[in-house]
Amino acid sequence: MNWPGDWLRGVLEMAVLRVLANEPSSYGYAISVALDRNGLGTVKGGTLYPLLARLEQAAHVETRWEAGPGGPGRRYYPIPASGRATQKTAAAAGGALARTT
């Protein structure tokens, strides 16, 4: 489905945290693939990486570099307890919102 851009902007943070809660310590491209697989469509790097930086600043994700298998290194985004708590709160709020519409 082709979702309106303002809807995606509204749910993208929650969706990224959900991906990381389900697939701990993933990297940017894998997060984008998971979002697409879950029905949000293609999320470009120019949207995803600034969001990941904001999540890192808010301590909802951590980062670490790992050598890539036969290629460049990758930045992984493990989700700490604070990110899991934020994801659960946002999911509950999103569910409540969906029930009211």
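This is a short talk through one protein chain, from its overall layout to its core, its salt bridges and a patch on its surface.

Okay, hi everyone. Before anything else, please keep in mind that what you see above is a predicted model.

Let's start with the big picture. The protein chain has four helices and three strands, and if you walk along the sequence they come in the pattern α-β-α-α-β-β-α. The radius of gyration is 14 Å, close to the 13 Å that the globule rule gives for 101 residues, so the chain is as compact as a globular protein of that length. If you want a box around the C-alpha atoms, think of roughly 50 × 30 × 20 Å along the principal axes.

How much of the chain counts as buried? That's 32% of the 101 residues. On the outside, the chain exposes about 6,300 Å², and carbon and sulfur atoms supply 57% of that. And on how the chain folds back on itself: take the contacts between residues at least 6 apart in sequence, and 48% of them join residues at least 24 apart.

Now, the inside. As a general point, nonpolar side chains tend to be buried together in soluble globular proteins. Here, the largest nonpolar core has 18 residues, and the ones touching the most other members are Val16, Ile31 and Leu35. Helices α1, α2 and α3, that last one being residues 45-57, each supply at least two residues of this core. Which helix gives the largest share? It's α1, with six residues.

Let's zoom in on Val16 for a second. Leaving aside residues up to four places away in sequence, Val16 touches Ile31, Leu35, Leu48, Leu51, Leu52 and Leu55.

Ile31 and Leu35 bring us to helix α2, and I'd like to stay there a while. In α2, the buried residues are Gly28, Ala30, Ile31, Ser32, Ala34 and Leu35. What do they pack against? The buried residues of α2 pack against α1, β1, α3 and β3, with β3 being residues 71-77. Just after the helix, have a look at Gly39, which takes a positive phi of about 105°.

But α2 has another side to its story. Val33 lies in this helix too, which runs over residues 28-37, and Val33 counts as partly exposed because its relative accessibility is 33%. Together with Tyr29 and Tyr49, Val33 makes a nonpolar surface patch of about 310 Å².

Next up, charges. Side chains of opposite charge can pair when their charged atoms come close. How many salt bridges do we count? Two.

One of them takes us back to α2: Arg37 forms a salt bridge with Glu23, and the closest N and O atoms are 2.6 Å apart. This pair links distant parts of the chain, with Arg37 in helix α2 and Glu23 in the loop between α1 and β1, 14 residues apart. Is Arg37 buried or exposed? Arg37 is exposed, at a relative accessible area of 53%, while Glu23 is partly exposed at 29%.

The other bridge joins Arg64 and Glu66, where the closest N and O atoms are 2.6 Å apart. Arg64 counts as partly exposed at 35% relative accessibility, and Glu66 is partly exposed as well, at 29%.

So if you take one thing away, make it helix α2: it supplies residues to the core, it holds Val33 of the surface patch, and it carries Arg37 of a salt bridge. Thanks, that's me done.

Methods:
Residues numbered from 1 in each chain as written. Predicted model: local features only at pLDDT ≥ 70, side-chain atom pairs only at ≥ 80, totals over all residues. Heavy atoms only, no water. Patch = residues over 30% accessible without salt bridge, like charges linked within 9 Å, V, L, I, M, F, W, Y side chains within 5 Å. Areas by Shrake-Rupley, 256 points an atom, 1.4 Å probe, with all protein chains shown as cover. Salt bridge = Lys/Arg side-chain N within 4 Å of Asp/Glu carboxyl O. Buried < 20%, exposed > 50% of the residue type's maximum accessible area, 1.4 Å probe, protein only. Rg over C-alpha atoms; globule rule 2.2 N^0.38 Å. Contact = heavy atoms within 4.5 Å. Core = buried A, V, L, I, M, F, W, Y, C linked by side-chain atoms within 4.5 Å.
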